[in-house]
Number of protein chains: 4
Amino acid sequence: MKDRKIRMGMVGGGQGSFIGAVHRLAANLDGQIELVCGAFSSKPEVSKASGAELFLPDERCYGSYKEMIETEATLPEGERMDIVSIVTPNHVHFEPTQLALEKGFPVILDKPLCFTFDEALKLKETIQSTGLPFALTHTYTGYPMVKQARAMVASGELGKIRKVNVEYPQGWLAEKLEDSGAKQAAWRTDPKRSGKSGCFGDIGTHAANLAEYVSGLKITKVLSRLSTVVEGRLLDDDADVLLQFDNGAHGLLSASQISTGEENALKVRVYGEKGGIEWCQEDNNSLYVTMHGQPTQQLRAGGNNAYLSDLALANCRVPAGHPEGYLEAFANIYRNFSFAVRAHAEGGKSDMHIHDFPGIEDGVRGMALIDAMVESTEKGNVWLDLKLS
Amino acid sequence: MKDRKIRMGMVGGGQGSFIGAVHRLAANLDGQIELVCGAFSSKPEVSKASGAELFLPDERCYGSYKEMIETEATLPEGERMDIVSIVTPNHVHFEPTQLALEKGFPVILDKPLCFTFDEALKLKETIQSTGLPFALTHTYTGYPMVKQARAMVASGELGKIRKVNVEYPQGWLAEKLEDSGAKQAAWRTDPKRSGKSGCFGDIGTHAANLAEYVSGLKITKVLSRLSTVVEGRLLDDDADVLLQFDNGAHGLLSASQISTGEENALKVRVYGEKGGIEWCQEDNNSLYVTMHGQPTQQLRAGGNNAYLSDLALANCRVPAGHPEGYLEAFANIYRNFSFAVRAHAEGGKSDMHIHDFPGIEDGVRGMALIDAMVESTEKGNVWLDLKLS
Amino acid sequence: MKDRKIRMGMVGGGQGSFIGAVHRLAANLDGQIELVCGAFSSKPEVSKASGAELFLPDERCYGSYKEMIETEATLPEGERMDIVSIVTPNHVHFEPTQLALEKGFPVILDKPLCFTFDEALKLKETIQSTGLPFALTHTYTGYPMVKQARAMVASGELGKIRKVNVEYPQGWLAEKLEDSGAKQAAWRTDPKRSGKSGCFGDIGTHAANLAEYVSGLKITKVLSRLSTVVEGRLLDDDADVLLQFDNGAHGLLSASQISTGEENALKVRVYGEKGGIEWCQEDNNSLYVTMHGQPTQQLRAGGNNAYLSDLALANCRVPAGHPEGYLEAFANIYRNFSFAVRAHAEGGKSDMHIHDFPGIEDGVRGMALIDAMVESTEKGNVWLDLKLS
Amino acid sequence: MKDRKIRMGMVGGGQGSFIGAVHRLAANLDGQIELVCGAFSSKPEVSKASGAELFLPDERCYGSYKEMIETEATLPEGERMDIVSIVTPNHVHFEPTQLALEKGFPVILDKPLCFTFDEALKLKETIQSTGLPFALTHTYTGYPMVKQARAMVASGELGKIRKVNVEYPQGWLAEKLEDSGAKQAAWRTDPKRSGKSGCFGDIGTHAANLAEYVSGLKITKVLSRLSTVVEGRLLDDDADVLLQFDNGAHGLLSASQISTGEENALKVRVYGEKGGIEWCQEDNNSLYVTMHGQPTQQLRAGGNNAYLSDLALANCRVPAGHPEGYLEAFANIYRNFSFAVRAHAEGGKSDMHIHDFPGIEDGVRGMALIDAMVESTEKGNVWLDLKLS
């Protein structure tokens, strides 16, 4: 694998898919990975048509993930796919992931991990037993300035962390879009495909993951109010949550799909004894750091900014002033995962301290959080411990 | 009173006071009010020294509010003060207000209203029985673009309101400043002078008042987590609250004095079925309005912006591009109150639909909220109805 | 004068005036000055009606500045006005200022100084010979963060200054407003009342003054292109200018009244060998400072921000997070001028290093700049030395 | 070419190159193009080492562009490269471009076009005579919101355009970086490799191109002041220019490499009779539009924003709230060029009204502007007509 691109197969992501196209852009960017096959749809003809648009040969466009994984496994190394990217709706995460791992393929999987907490534990077991690289695309931790934030908190500069606020307001589901046939809205609001939580499962898990990643802390207790604001919707479309972290810090998480007019305004703020930091996805190339009593500093992404941490610098592609964005953050996960895959192929480990990416632990915690949120709400907004086993 | 300035006496606000100086700047600005006397301190010599700096004659600088109110009441109309401004710490709100009202003087009072909910009800009774003008300086509702926000919500443009988020992060008490002799920190963290809540009482009440003012809704239920983050502090310095409003909307209120690096970043967001709005005190001359699926509009304060509501326009002093600020917002309360005082003196009512200011209802609700916050926290963060009688 | 407010008379600023009202708000704010008389209009009945609204007695509302100055001069000290504020259009600056000074009254005058450069030199002579305090309201230098910028440049932190960019875009004259009877537009576009330059005289002089104040440099040469963009307008409504400064730095000045959609977006940027700074009037409480290779720092106005210079701190009224604005900047000129007036009355000097305000030198330079701009344009956009005598 | 990726060869962009790496990222993103060969360096061993890192076979890594173009031309269609990307310093633009075109390869070339105006005319002739697709990477016109700006101006919404301001401040050459061996600084400040202008040639041409693209106008006259601010530097590092456009509008262009603290703050503002727009590269996903007397609107990039023009929508990859950046803008040029290459291969034309990219006309104008800037400065900052033949 040393002197060639990593060969990737994809499950899901056929014509009309949003996140599948994003995964491919992200996988393309750095020239480390090439798409060689796919089971883009459960309808064979759609899968083939989708693959044709991607310049894939007909025989590598499969009619099911099962067919793809099993067939590819029989091809010789260097011809067969090396890794599998899984970008289906939530209810089709567990089985293809299990199968791919069992057949020896490292997997990069769209979040949330799966459908139930039980599945999560099983996946964890499989990953541990196979020892294969596994990545979960919690995209937002791929941003260079999020990594800078994590590095600064970890360095102790801000002092002991006292409070973590994270919010993820969106407005796109302010109308009952699922009734109009919009594909993205339809599966996300459908408990059969999305799971037991809508808004929290879709974006609240991103917010929680970001809060934990930046702060270096773990959520231990939650008190949640999941709400279904739009009449007739089947899942929650708004979530307000009180958090407790393992070092005693407290936090607040707010996620919403009915905050009319909001795009995707994920923001995290971490307050320590000595200083505070703020990062917002819509101004993703800046990190605002304020030490108590001092002017706010605007740290900027850019490979030439020597004041940045190694972790941040390793995830910048261009000098400051050349904005990087969502696709580059996503591509960092693919690129860093590709380093792990190459290292694994050679029997080693990649340098995860600078080329990190989210994995199975993030996925298990996400599923546990979904369970806790729903249960806390059902019990009348009470405190619950996060159950991880 | 028609052809002269309104004559004002002040209780509190002696040398070293922060809010007393602010009240005087606000009262000065529009040339409607002149300071004629004061009981600036309970120490007569400090009161006199403070008054001398303000060019007041020695004999109008009193050693106690009681002396001031009683003496002034004996002076002839046109010489005696017309109104009383009370700017003392919370525990010295009730008695001077009661006395001033009983002696026939309209009162403008710093928030929160008083020390206990019982006092609040008594003040309400006195105000109702005397029929005298009364203002409570919830400053932030004095900003033109807050008034614009209120007018737009009231007009129905945003549709039914579904969610109200208000936050008020400060960082100045991230250190235990009260130990260093800082006057502002000392009384605010002292239950004997501040009351049963620190952070919520000081700034959470502002946030709640702003949320209600802008949304036109009333908080009916709360679930609160007041925290004392800095070790050894006697009152809460951080508050996270889930809210329920009278129209079924839900909300989130976060107030903090330990959010290191934050100045005074009061922000309110209101989301309706059709659109959302956002206003932040640190960018106070702008109001951001986004109708579902449309570009965000930045509405700007300015007396020449014909697209603004009458309510907003009546509270602008200069054309757009000439930033107004905190003192102008504060001055709007004084100016609008002065219109009410003049109208009252002539047996009428001022045009409160454009020259509005916060009053006793805001004060009573603030005290009820403080009680509910403390009780909800003590009971383990449970839902409580707001009790208003 | 020690134990009382300074008594002020006003020339101009009658009903319907914009800048007269602003001057009064500014003079009111700090409680150092009281308005005691005025010649608010050349029509005696308008002057009296205007004064009545300001609670002035009929006999102190004069029908002409001449009457006011001569009559007040005969009143006893402590009753008569102490200073004169002149807020008339440009063509009525010179004569009242001369007369007031000759009668011994310190003058605070709206900019630009006067109508011709000859008048400017005469005023300078009068001010020097009388030794009286004199202030010119170049408002924008009254902002705390402009003062901070000046202090930082002066300290040498930024290294030798290499480039100064100043811009002042407005859009309000994008239409031919003067045809619609708008008072503010009418006199500003009329060469008989405004002088030989419209846009540059009105706002370009502010921009140039700001550039010199912040950089501590003096403009020595200009190459200008004044344009009349709106057809039929009698004066320039747009100005682009190349500048040369006395230390060899170069600069760019752009002022416009036809930049559609702009409010009052005065911005100055100063670049030195080691760092650069940026300040914009529409975000006036922040100063952005970037040292080469370092994160941008956002310095904030606020009396509690110990990192600010003495010059900035002396011109803040409230703590950080409480926005101050245009009126406070204006009031700083009035307040600082009042300190100079008090000191002069006692035979001394005020502490101009922290309580500074613009004066006659600024005014003379402004008039010289107007002459140079017009001449450079007429000669086909050529370089001209600034002539100061 | 229909059912496969377009095969690309690259000239320049070996190890240590900045812009070569950027070109490859841009070419990778959309999966339309694959790199198959390169002459990455004039040193064969560096070329081979660079190619190896890109997973290219040794035999396709050439020691010179000549070798590459001539050898590849002999390979069969489908194996040989289809297009050439040229990313060398300016003095190595003309010859490889000529040769590639002569051998029948479409070219995508880094800007500025070449070294002298004569070369520019020759390239234009070759392009016209061969009829081959040609793209020049004026990256900034690839941003969706720049395209939106162009579409809005073209639609007439803003009325007749009166003024265009464009600025491009950078600070990275505030120090004499070329003395420290920094590769990027060295060639850019070297007249033998960069041409007769440093700052204007490097970034001023981008600014001028952006101004023309957005406004739809053409620069006809210039008065320029190019300056060499850093002592001992061989080329200009700062440029201030007065512009005249073909419809009578005037403009201002400022480009600088010594504006300490600035990153890459390219900004364009266009003012028409009815409205104005502003776009800044560091906030690239927003376009600010203000119609006279109305609130500013913030239009946002995003494939789901139905209010955007077809031209903008065709150049967005993800929904609003997912920031795109510099690489995506760059990739739009590659992707749109790839559409033109495919269409050309089939004897047609691509839909340039939505999939546009800069070409030879932009390049010729850029070279003419460089000549005019240098000559205007040498003659003492005088007006010159732009000479295009």
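Okay, let me start with one pair of residues: A:T296 has C:Q298 in β13(C) as its bridge partner. What we're looking at is a predicted model, so keep that in mind throughout. That pair belongs to a strand pairing that crosses from one chain to another: β13 of chain A, residues 296-300, and β13 of chain C, also residues 296-300, are joined by three bridges and run antiparallel.

So what else is there between C and A? Eight residues from chain C and eight residues from chain A take part in the contact. Together they bury about 700 Å², and carbon and sulfur atoms give 57% of that. On the chain C side, the residues that touch chain A come out as three nonpolar, five polar and no charged. The salt bridge count here is zero. For polar contacts, the rule finds two residue pairs across this interface, both partners at pLDDT 80 or more.

Now hop over to B and A. This contact takes 44 residues from chain B and 44 residues from chain A. The buried area is about 3200 Å², with 50% of it from carbon and sulfur atoms. Which residues of chain B lose the most area to chain A? Those are B:R225, B:T260 and B:H292, and together they make up 21% of what that side buries.

On the electrostatics, six salt bridges are counted between chain B and chain A. If you want one to click on, try A:K163 with B:D240, where the closest N and O atoms are 3.2 Å apart. There are also 20 residue pairs in polar contact across this interface, again with both at pLDDT 80 or more. Who supplies the chain B side? The elements of chain B giving two or more residues are β6 (161-169), β7 (219-227), β8 (238-245), β9 (250-256), β10 (267-272) and β11 (275-280). Of these, β9(B) gives the most, with six residues. By class, that side of chain B has 13 nonpolar, 18 polar and 13 charged residues.

Let's leave the interfaces and go into chain D, to strand β6, residues 161-169. Nine of the nine residues in this strand are buried, so the rest of the structure largely encloses it. Side chains in a regular strand alternate between the two faces of the sheet. What does β6(D) pair with? One partner is strand β10 of chain D, residues 267-272, in the antiparallel sense over six bridges. Within that pairing, D:V166 sits opposite D:V268. Another partner is strand β9 of chain D, residues 250-256, and here the sense is parallel, over seven bridges. There, D:Y168 has D:A255 as its bridge partner.

Next, a charged residue on the inside. C:E72 is in helix α3 of chain C, residues 65-74. Is C:E72 buried or exposed? Its relative accessibility is 0%, and the cut-off for buried is under 20%, so C:E72 counts as buried. Beyond its neighbours within four places in sequence, C:E72 contacts C:C37, C:R60, C:Y62, C:R80, C:M81 and C:F105.

Now a few backbone spots, for those of you who like checking torsions. In chain A, a cis peptide bond joins A:K111 and A:P112, with omega about -10°. A:P112 is in the loop between β4 and α5 of chain A. Over in chain D, the bond from D:K111 to D:P112 is cis too, omega near -10°, and D:P112 lies in the loop between β4 (107-109) and α5 (117-130) of that chain.

Staying with chain A, the loop between β4 (107-109) and α5 (117-130) also holds A:T116. With a relative accessible area of 32%, A:T116 is partly exposed. A polar atom of its side chain lies 3.2 Å from the backbone nitrogen of A:E119. And if you want a long-range distance, the C-alpha atoms of A:T116 and A:L158 are separated by 37 Å, with their positions 42 residues apart along the chain.

Last stop, positive phi in residues other than glycine. B:F55 has phi near 65°, and B:F55 is in the loop between α2 (44-53) and α3 (65-73) of chain B. At 18% relative accessibility, B:F55 counts as buried. C:N381 also has phi near 65°, in the loop between α12 (360-378) and β14 (383-385) of chain C. C:N381 counts as buried as well, at 12% relative accessibility.

Methods:
Residues numbered from 1 in each chain as written. Chains lettered and ligands numbered in written order. Predicted model: local features only at pLDDT ≥ 70, side-chain atom pairs only at ≥ 80, totals over all residues. Heavy atoms only, no water. Contact = heavy atoms within 4.5 Å. Buried area = accessible area lost by both parts, 1.4 Å probe. Salt bridge = Lys/Arg side-chain N within 4 Å of Asp/Glu carboxyl O. Polar contact = N/O pair within 3.5 Å; in protein donor to acceptor, adjacent residues only side chain to side chain. Helix = DSSP H or I, 4+ residues; strand = E, 2+ residues; numbered from the N terminus. Nonpolar A, V, L, I, M, F, W, Y, C, P; charged D, E, K, R; others polar. Pairing = 2+ DSSP bridges. Buried < 20%, exposed > 50% of the residue type's maximum accessible area, 1.4 Å probe, protein only.
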